[in-house]
Amino acid sequence: MSDRVADVPPPAPSLKERFLAFRDRMVADPRFRDWAARFPLTRPLARRRARALFDLNAGFVYSQILAAAVRLGVFEALREGPRPVPWLAQRLSLSTDATIRLMEAAAALKLVAPRSGGRYGLGALGAALVDNPGVAAMVEHHALFYADLAAPVALLRNPRGGTRLARYWAYAGHAEAEALEAGAVGEYSALMAASQPMIAAEILAAYDLSRHRRLMDVGGGEGAFLCAAGKRHPSLGLVLFDLPAVAERARARFAREGLAARAEVHGGSFHSEGLPRGADAISLVRVVHDHDDAEARALLRRVHAALPPGGVLLLAEPMSGTPGAEPVGEAYFGFYLLAMGRGRPRRMEELQAMLREAGFRDSRPLPTRTPMLTSLLLARA
Ligand SMILES: C[S@@+](CC[C@H](N)C(=O)[O-])C[C@H]1O[C@@H](n2cnc3c(N)ncnc32)[C@H](O)[C@@H]1O
């Protein structure tokens, strides 16, 4: 049994639990549901519940409409302003009927919006996708996830069964990740780099790195976070640690971005070797949740060993139990990492306990602007 499930007898039900049991009995009764849908005071609640349940059922359909719009380049097509259907049909290589069907569906989802004269413009949600290659790349790669989720019960029963996401995130299913070659790490590294600017903006707004001399980004991918940190803080030394094939990509990026002279790059596996010393700040961005508990604990111990007394760790990733973003942590990342075959989303307090065990003196959450994208913990060695 998982160490997250305590084998203790259930406590006597509280007043709240007795109320919830009563409510569940009522809502499960078709006669009560029929009455609640008719009675004026309960009707709005009944409608909201019915709609929420419908949306859960239809979520996959909504995702496919978004995927079609991204793949066809709808948002780029509307970037300069609203366009009529015949123009869109030609640009998207769709029939007029198919264009209208897609536009009406996308308008209902606020991705586009109908304008005068039979034209369509960007919708409130679609506008955020223009010039946002990170989100577009994320949407594209979800085809793999959807394929893995086609049989969700089979996935729950056999979570390490050669899924598409496990092949995509090659290190997740590989005992010797340091042996991975360039071809195995390129796609995920490019995806991470494309989506990194929005994460970096969150972290750099939440914590001022100017008080540090040298920042080491562990599992730092091809260096996009360090590039953002280095540009914001021109005297910060930059160190990157990632698998050798990914570290090569980081070298190339630092050279392209004119940061090669300031950046030190180390290739290796944090599962099999200690981390380089000399940094007074270390970041783990979207890394810990990729690993099972034993590996995550060992990684935190290695990070602690690499820091001087008083050095800090910034641990940034989406976490479970984030108020207002519960479906993102528990439902989305819970099943994403299940399909990937390794790791799990953790609650802030759980990570704090792991940090204490690893030797960190104290840790505290730093608020981020968009906790759905990432939460942030600051721990001191
Ligand atoms: C989800 S990506 C996050 C990348 C980057 N921090 C970001 O947020 O864009 C996880 C990173 O951890 C690296 N990684 C996984 N296992 C590793 C290992 N054993 N040693 C070193 N790096 C590893 C991967 O190569 C990848 O770059």
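# Talking through a predicted model

Me: How much of the protein chain counts as buried?
Reply: Of the 381 residues in the protein chain, 43% count as buried, and please keep in mind throughout that this is a predicted model.

Me: ok, and how many helices and strands are there?
Reply: The protein chain has 15 helices together with 10 strands, and its C-alpha atoms fill a box of roughly 65 × 65 × 40 Å when the box is taken along the principal axes.

Me: Which residues make up the nonpolar patch on the surface?
Reply: That patch is formed by Trp-35, Phe-39 and Leu-41, which together have about 320 Å² of accessible area.

Me: Where is Leu-41, and is it buried or exposed?
Reply: Leu-41 sits in the loop between helix H2, which covers 30–38, and helix H3, which covers 43–72. Its relative accessibility is 72%, so Leu-41 counts as exposed, the cut-off for that word being over 50%.

Me: Switching to pockets: how much space lies in the second largest one?
Reply: The second largest pocket holds about 320 Å³ of space.

Me: And which helices supply at least two residues each to its lining?
Reply: Those are helix H1 (15–27), H2 and H3, each of which supplies at least two residues of the lining of the second largest pocket. The residues lining this pocket include Phe-19, Met-26, Phe-32, Ala-36, Leu-45 and Ala-50.

Me: What does the lining look like by class?
Reply: Sorted by class, the lining of the second largest pocket has eight nonpolar residues, one polar residue and three charged residues. Arg-23, Arg-33 and Arg-49 are among the lining residues, and Arg is counted as charged. Thr-42 belongs to the lining as well.

Me: New topic, how many salt bridges does the count come to?
Reply: The count comes to 19 salt bridges. As general background, side chains of opposite charge can pair when their charged atoms come close.

Me: Which residue does Arg-249 meet in a salt bridge?
Reply: Arg-249 meets Glu-222, side chain to side chain, at 2.7 Å from N to O. This pair links distant parts of the chain, since Arg-249 is in helix H12 (residues 244–256) while Glu-222 is in the loop between strand S4 (214–218) and helix H11 (224–232), 27 residues apart.

Me: Are those two buried or exposed?
Reply: They fall into separate categories: Arg-249 has a relative accessible area of 30% and is therefore partly exposed, whereas Glu-222, with a relative accessible area of 7%, is buried, because buried means under 20%.

Me: Where are Arg-251 and Glu-248, the ones three residues apart?
Reply: Arg-251 and Glu-248 are both in helix H12, and because they are three residues apart there, about one helical turn separates them. They form a salt bridge in which the closest N and O atoms are 2.4 Å apart. Arg-251 is partly exposed at 36% relative accessibility, and Glu-248 is also partly exposed, with a relative accessible area of 46%.

Me: What about Asp-293, which residue does its side chain meet?
Reply: The side chain of Asp-293 meets that of Arg-346 in a salt bridge, at 2.8 Å from N to O. Asp-293 lies in helix H13 (residues 293–306) and Arg-346 lies in the loop between helix H14 (326–340) and helix H15 (348–357), so the pair ties together parts that are 53 residues apart in sequence. Both Asp-293 and Arg-346 are buried.

Me: Which residues do shared partners join into one network?
Reply: Salt bridges that share partners join Glu-222, Lys-231, Arg-249, Arg-253 and Glu-257 into one network.

Me: Last thing, backbone angles: what is phi at Lys-110?
Reply: Lys-110 has a positive phi of about 65°, although it is not a glycine. For background, most residues other than glycine have a negative phi. Lys-110 lies in the loop between helix H6 (96–108) and strand S2 (112–115), and at 53% relative accessibility it counts as exposed.

Me: And what about phi of Asp-131?
Reply: Phi of Asp-131 is near 55°, which is again a positive value in a residue other than glycine. Asp-131 lies in the loop between strand S3 (119–122) and helix H7 (133–148), and with 55% relative accessibility Asp-131 counts as exposed.

How values were computed:
Residues numbered from 1 in each chain as written. Predicted model: local features only at pLDDT ≥ 70, side-chain atom pairs only at ≥ 80, totals over all residues. Heavy atoms only, no water. Patch = residues over 30% accessible without salt bridge, like charges linked within 9 Å, V, L, I, M, F, W, Y side chains within 5 Å. Areas by Shrake-Rupley, 256 points an atom, 1.4 Å probe, with all protein chains shown as cover. Salt bridge = Lys/Arg side-chain N within 4 Å of Asp/Glu carboxyl O. Helix = DSSP H or I, 4+ residues; strand = E, 2+ residues; numbered from the N terminus. Buried < 20%, exposed > 50% of the residue type's maximum accessible area, 1.4 Å probe, protein only. 1 Å grid on protein atoms, 1.4 Å probe; cavity = no way out; pocket = protein on both sides within 12 Å on 5 of 7 lines; lining within 4 Å. Points joined across faces, edges and corners; volume = space filled by probe spheres on them.
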